[in-house]
Amino acid sequence: MADVPCPKGLDAAGRVLWRRISRAYELRADELTVLEQASRSADTIARLDAALVGAPLTVPGSAGQLREHPLIAEVRQQRVLIARLLHQLRLPEADDLARLHAGERSTKARKAARARWGEPSGA
């Protein structure tokens, strides 16, 4: 399988996600676009997590009341986004991934995933 180069501008977390998935599966161009967005979201999550290290969980609101730190909500939204993007790829389950890493080809994993979801194998 050809190694698909990482998109420009990805940081460490995004590159790790990109490499893990792009090396394990043969993805179509549209799937690579979804993977790129998920990888960029992984980078955003890593930056937000780093910004929250040592930060208080609450901050004063406009009226002086305590409210949740705004970065917490953004991290939560980014985690929902990355989950949706990865779900959109419809990759095989973890047990299929373990077998793939044990030596099976990614085309077999893709066919198994398509069979599981009732899609034609040529889609």
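The following exchange covers the fold, core and helix α3 of a predicted model.

Trainee: In what order do the elements of the protein run from the N terminus on?

Mentor: The protein has five helices and two strands. Read from the N terminus, the order is α-α-β-β-α-α-α.

Trainee: Which helix gives the most residues to the largest nonpolar core?

Mentor: That core has 15 residues, and L17, I21, Y25, L27, L35, A38 and I82 have the most contacts inside it. At least two residues each come from α1 (12-24), α2 (29-52) and α3 (70-89). With five residues, the largest contribution is that of α2.

Trainee: Which residues does L35 touch, leaving out those up to four places away in sequence?

Mentor: L35 is among the core residues with the most contacts inside the core. Its partners beyond four places in sequence are L17, W18, I21, S22, L27 and L89.

Trainee: Why do the buried residues of α3 line one face of the helix?

Mentor: The buried residues in α3 are I72, V75, Q78, I82, L85 and L89. They line one face because, seen down the helix axis, they fall within an arc of 150 degrees.

Trainee: Which exposed residues does α3 carry on the face turned away from its buried side?

Mentor: The buried residues of α3 pack against α1, α2 and β2 (66-68). On the face turned away from that buried side, the exposed residues are R84 and H87.

Trainee: What distance does α3 reach from its first C-alpha to its last?

Mentor: α3 has 20 residues, for which 28 Å is expected at 1.5 Å a residue. The span in the model is close to that, at 30 Å.

Notes. Residues numbered from 1 in each chain as written. Predicted model: local features only at pLDDT ≥ 70, side-chain atom pairs only at ≥ 80, totals over all residues. Heavy atoms only, no water. Helix = DSSP H or I, 4+ residues; strand = E, 2+ residues; numbered from the N terminus. Core = buried A, V, L, I, M, F, W, Y, C linked by side-chain atoms within 4.5 Å. Buried < 20%, exposed > 50% of the residue type's maximum accessible area, 1.4 Å probe, protein only. Contact = heavy atoms within 4.5 Å. Expected span 1.5 Å × (residues − 1). Arc of directions from axis to C-beta.
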